Amino acid sequence: MALTRMFSRVGSCSQSLSRCHTRALPPMIPGHIRNLDSNRRLQHTTPQSTSCNWQLREDCFELNYGGLVMNLDYVWLRDHCRSASCYNTKTNQRNLDTASVELTIRPVKTRVDEEMLFLTWPDGHVTRYSLPWLVQNSYEGQRQRAIQPRILWNSEIYTSAKVPHASWDQFMNCNQELKKFLSSFLLYGIAFVEDVPATLEATEMVTQRVSLIRETMYGRMWSFTSDFSRGDTAYTNLALDRHTDTAYFQEPCGIQVFHCLRHQGTGGRTLLVDGFYAADKVLQQTPEHFELLARVPIKHEYIENMSDHSNHMIGIGPVLNVYPWNNEVYMIRYNNYDRAVINTVPNDVVQRWYVAHRELTTELRRPENELWEKLKPGKVLFIDNWRVLHGRESFTGLRQLCGCYLTRDDVLNTARSLGLQA
């Protein structure tokens, strides 16, 4: 069937959306990262209306389903076909050679029946899509969804939530306990396991229940005291301001684990701050500062010249990393200790960047945003290093910590395998 330059074919339908629900966010979300363009908070959305209409346009298939208008490219619609010849449902991999699809392809027949879209292509192949699947996977649908649910928090919000800690025995032996732990970790960016034997070996076991350990130049599992054995302030008894670790890696470590094996002295409380909460405050108050922090790349650097260790690491990226289609923050890279010379920013931007950075720093340093935790033997802390900043107060006496970094992909993989959205 020949297609005119501007399509005029239009269709409509009406059906139930009972199978189209996306997972709802928890009720208490004071500041889910907002869409910068629309200045509205991101949320999981389900079409409220049962109406459906469609139109074949010159460059795309326009589908209005439940109030969401989607513009679906024809090559995209052919490329994502889930028929047996195009997609292997056992391996969840594409069989179709995308390069074989004509870039000018158009359907020769279109039909919407109940909750299904049927497209017949020039070679007779039929593609069918569930309308809820298109809502979930279209660009327009992604703009209204969060990749990962989270609850942004300050000290009062987190304390009031009374987030339960996992127990060692159940955590190691019960998948339901592991799932509860990971659910809390995904929502808040921190989680605890109690009653862990105060040994490096037990700490390693509890981390491997969650993910693979990421080996770095600090080793696989590390145990340290304030002996300045490495060229880093962490190996002293000095206070540490809030920061994220390994900002000088091109891909900073995703999760950090701490276990205090012993402390014979005073002080040393651990400071935790939700970086996404502070970033959202900047977005609400000064969107142009948020945009600048998400756009301008800067360097972080780690230089170590010790008798046994010689390292020079450089990581480059913006302070805030966001998904460009919805401006959801997925990583904050904030470390004033390791920030290198700013030579990636032109002169007409430098002053504005400093102003934006100062606003974020002010939010991060507000006392009401600080959660202080006294780590003790048996209490293992997991920190989302892409979200939650940590620090410590100065201390006296012998304080021995052990821990490691975990690979972020494998933590999220574990969560998804247990049915969590991550």
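This passage describes selected helices, loops, ring pairs and a pocket of one protein chain. The model is predicted.

Helix α8 spans residues 275–285. The helix is largely enclosed by the rest of the structure, because 8 of its 11 residues are buried. The buried residues begin with a run of Gly275, Phe276, Tyr277, Ala278, Ala279 and Asp280. Val282 and Leu283 complete the list. Lys281 also belongs to α8. Lys281 has a relative accessibility of 25%, so it counts as partly exposed. The buried class ends at 20% relative accessible area, and the exposed class starts over 50%. A contact marks the start of the helix. There, a side-chain oxygen of Asp274 comes to within 3.1 Å of the backbone nitrogen of Phe276. Lys281 also has a neighbour from another part of the sequence. Its C-alpha atom is 7.3 Å from that of Glu363, although 82 residues separate the two along the chain.

Aromatic rings form a second theme. The structure holds 17 aromatic pairs. A pair of this kind is described by the distance between the ring centres and the angle between the planes. For Phe181 and Phe382, the centres are 5.0 Å apart and the planes meet at 80°, so the pair is edge-to-face. The two rings come from distant parts of the chain, 201 residues apart. Phe181 sits in helix α6, residues 175–188. Phe382 sits in strand β24, residues 380–384. Phe181 is buried because its relative accessible area is 5%. Phe382 has a relative accessibility of 1%, so it also counts as buried.

Tyr248 and Phe249 make another edge-to-face pair. Their ring centres lie 5.5 Å apart, with 75° between the planes. Both residues are buried. They also belong to a cluster. Ring pairs join Tyr248 and Phe249 with Tyr218 and Tyr302 in this group.

Tyr302 has a further partner, Glu304. Their side chains are joined by a polar contact of 3.3 Å. The side chain of Glu304 also makes a polar contact of 2.8 Å with the side chain of Asn311. Glu304 itself lies in strand β19, which covers residues 298–305. With a relative accessibility of 1%, this charged residue counts as buried.

Rings also meet charged side chains. The charged end of Arg269 sits over the ring of Trp372, at 4.6 Å from the ring centre. Arg399 is placed over the ring of Phe395 in a similar arrangement. Here the charged end is 5.2 Å from the ring centre.

Two loops contain residues with positive phi values. Glu114 is one of them, with phi near 55° in a residue other than glycine. Glu114 occupies the loop between β9 (109–113) and β10 (116–120). Its relative accessibility is 61%, so Glu114 counts as exposed. Thr246 is not a glycine either, yet its phi is positive at about 50°. Thr246 is placed in the loop between β16 (240–243) and β17 (255–264). In contrast to the exposed Glu114, Thr246 is buried, with a relative accessible area of 2%.

Thr244 is found in the loop between β16 and β17 as well. Thr244 has a relative accessibility of 2% and so counts as buried. In space, Thr244 lies 9.2 Å from Asp384, C-alpha to C-alpha. In sequence, 140 residues separate the two.

The second largest pocket completes the survey. About 310 Å³ of space lies within this pocket. The lining consists of 22 residues. Closest to the pocket centre are Tyr323, Trp386, Arg408, Asp409 and Leu412. Two elements, β22 (328–332) and α11 (408–417), each supply at least two lining residues. Helix α11 gives the most, with 4 residues. By class, the lining contains 10 nonpolar, 3 polar and 9 charged residues.

Terms used: Residues numbered from 1 in each chain as written. Predicted model: local features only at pLDDT ≥ 70, side-chain atom pairs only at ≥ 80, totals over all residues. Heavy atoms only, no water. Buried < 20%, exposed > 50% of the residue type's maximum accessible area, 1.4 Å probe, protein only. 1 Å grid on protein atoms, 1.4 Å probe; cavity = no way out; pocket = protein on both sides within 12 Å on 5 of 7 lines; lining within 4 Å. Points joined across faces, edges and corners; volume = space filled by probe spheres on them. Polar contact = N/O pair within 3.5 Å; in protein donor to acceptor, adjacent residues only side chain to side chain. Phe/Tyr/Trp six-rings, centres within 6.5 Å; stacked < 30°, edge-to-face > 60°. Lys NZ or Arg CZ within 6 Å of the ring centre and 35° of its normal.
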